[in-house]
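Reader: Hey, got a minute to walk me through this one? I'd like the overall picture before the details.

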Amino acid sequence: MAAAQHRQVWWPGRMPAAFGPSFLCLVCLIYFIQGFRSFVWTAVSYQMKDLMMLSPSTSQFLVSLAYFPWSIKPIYGILSDCIPIKQRKRIPYLIISSCLSLLPWLILGLSQTLRSSANMLTALLVVQNLGSAMADVVIDAMVAEAVRSAGPEFAGDLQSLSWSSMAVGGIFGSLLGGYALSNLPIHAIYVVFSALPFLQLVSCMFVEDSPKGFHSANDEHKYVDNQSSVTSFSEKGSSEALRYEGTRRRKGTRKNNKRRSLSKRTEPDEKHNGSINLLPSLSLRSAFFSLCTAFKQPNILRPMAWFFFSNVTIPNISTVMFYYQTEDLNLEASFLGTARVIGWFSLMLGTYTYNRYFKQKKLRNILVFAHVGLAVITLLDIVLVSRLHVQYGIADKYMVLWGSALGDAINQFKMMPFLILSGQLCPPGIEGTLFALFMSINNLGSTVGSFLGSALASALNLTTGQFDNLALGLGVQMICTLLPIGFLSLIPKEVTGLTS
């Protein structure tokens, strides 16, 4: 108990000493920006609705298309992970991603012509999301490397700091987004937000870029010679530690010679080492092989398939609900921002509740609870659209607030096991690629679900000012939310929400 209290007291002081103040500031800034994006994306939603006069289904389709770069994150991970360890530099990727995040907002803020074209707006938003997704992948890999370098006593510290920074960014972005829309033109909001990617770009200049976690020649040898063999949780509900299995049974003599060449760093003969460090294709093949080896494990592939299908089967019509709330219910932007703030607080509450009470429960039971809860939230939306709450004297704003709060909280009971599982399956050397792959599975499923939502809105003729079939669309969404429960056999029966 005393040790735990000592650790909590000295936690703020330990972090800068272990990771460096500049690195911590960069981590906090990048995750803060990820959360603060709600500030500017609220303006995008209003621009599509009020200035471009796009239909709900068209807006849903364009937003889904704009977020597609988040579904191909493994590509960015491979680009950063395939560089040989001695030459690995992640900061240049952050600089590139910062520029990609910065320029679209400046262009949208300064060019009225490009801002008025739906095609150009979508193209610029794709580029912006490309930069944000790349930064997310690179900083995730840097966090994983830094934690491994600092030691197990810091496990969870950087992740907690990252999550807190993103939550704070989301809260401030939601609060200020509604206020900005009421007091600033949309193009000015784009310019104001571009200051954050610019600050991120400047911050990259002050961070030392070195491959953390690989300080010895033996570590480098393991990265080059070994292949990843990742084992996840077993059918008995336990999880084995991640490990690398060497290819010792093949060409033993040749490998021993390679080991000697790598371990003797002072030898004048650098030809062999140079061939390893200067051939990205070797690292690329190694990373790809390790990625396939890890992912094809049945105890990994089956749960990931469930998480993917659990998102694909649910048509997302959130954009249609946004149109309904602003046009039919006449809710102000400032109020919708407040609802998102409550959603962020509920998200943190859901995370705490999961860690405190649910992580020891069976994973199947947790996921059943999550999907039944999300179906109930959709039922509340049906009540809102059907106006059944009016006869009980319940205001529309309370229905929206409760739906936002409960929806974000319950969704964490599905996301937390996914994040914990993904974090445990990242062996050294390909952490950026593998973690990005898992997150892309979730993002791609959500993107496909958004496209299905756009198709559903179009089929039901849900257009501006015409929401007669919205309750029917929500009914379809509610039924589809319950469908993944029938595929829970893909999740090992005895696994708990802790997955370790």
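**Overall picture**

Author: Sure. The chain has 22 helices and two strands. Keep in mind that this is a predicted model.

Reader: How much of the chain counts as buried?

Author: Of its 500 residues, 52% count as buried. As for contacts with a separation of 6 or more, 85% of them come from residues 24 or more positions apart.

Reader: OK, helix packing. At what angle do α6 and α11 pack?

Author: About 165°, with the axes 8 Å apart. Here α6 covers residues 91-110 and α11 covers residues 195-203. Angles over 145 degrees count as roughly antiparallel, so α6 and α11 are roughly antiparallel to each other.

Reader: And which hand does the crossing of α6 and α11 have, left or right?

Author: The crossing is left-handed.

Reader: Which residues meet there?

Author: On the α6 side you have L94, I95, S97, S98, C99, S101 and L102, and they meet P197, F198, Q200 and L201 of α11. By class, the residues in this contact of α6 with α11 are seven nonpolar, four polar and no charged.

Reader: What about α19 and α22, how are they oriented to each other?

Author: Helix α19 (residues 363-386) and helix α22 (residues 470-482) pack at about 175°, and their axes are 9 Å apart. With that angle, α19 and α22 are roughly antiparallel to each other. From α19, the contact includes H371, V372, L374 and A375, while α22 brings in residues including L470, A471, L474 and G475. The classes in the contact of α19 with α22 are eleven nonpolar, six polar and one charged.

Reader: Switching topic: how many disulfides does a search of the whole structure find?

Author: Zero.

Reader: Why is there no bond from C25?

Author: Because the closest cysteine sulfur, in C28, is 6.6 Å from the sulfur of C25, too far for a bond. The cut-off is 2.5 Å between the sulfur atoms. C25 counts as exposed, with 52% relative accessibility.

Reader: And C204, buried or exposed?

Author: C204 is buried, at a relative accessible area of 2%. Its sulfur is also too far for a bond, since the closest cysteine sulfur, in C99, is 8.9 Å away. C99 is one of the α6 residues that meet α11.

Reader: How many residues of α17 are buried?

Author: Eight of the eleven, so α17 (residues 318-328) is largely enclosed by the rest of the structure. The buried ones are T319, V320, M321, F322, Y323, Y324, Q325 and T326.

Reader: What follows α17?

Author: N330 follows α17, and its phi is positive, near 60°.

Reader: Which residues does L336 touch?

Author: Leaving out residues up to four places away in sequence, L336 touches Y46, F322, Q325, T326 and L331. F322, Q325 and T326 are among the buried residues of α17. L336 itself is in helix α18 (residues 333-358) and counts as buried, at 6% relative accessibility. There's a long-range pairing too: L336 and G177 are 159 residues apart in sequence, with 9.4 Å between their C-alpha atoms.

Reader: Last one, where does H389 lie?

Author: H389 is in the loop between α19 and α20. H389 is buried, with 1% relative accessible area. Not counting neighbours within four places in sequence, H389 is in contact with V383, L384, I394, A395, D396 and M399.

Terms used
Residues are numbered from 1 along each chain as its sequence is written. This is a predicted model: local features need pLDDT of at least 70, side-chain atom pairs count only at pLDDT 80 or more; totals for chains, interfaces and linings use all residues. Side-chain values use heavy atoms; hydrogens and water are left out. Axes are lines fitted to C-alpha atoms, for helices over the stretch in contact, and angles run from 0 to 180 degrees between N-to-C directions. Helices (H or I, at least four residues) and strands (E, at least two) are DSSP runs, numbered from the N terminus. Angles under 35 degrees count as roughly parallel, over 145 as roughly antiparallel, 65 to 115 as roughly perpendicular and the rest as oblique. A crossing is left-handed if the near helix is turned anticlockwise from the far one by less than a right angle, and right-handed if clockwise. Contact means heavy atoms within 4.5 Å. Ala, Val, Leu, Ile, Met, Phe, Trp, Tyr, Cys and Pro count as nonpolar, Asp, Glu, Lys and Arg as charged, and the others, Gly among them, as polar. Buried means under 20% relative accessible area, exposed over 50%, partly exposed in between (1.4 Å probe, protein chains only).
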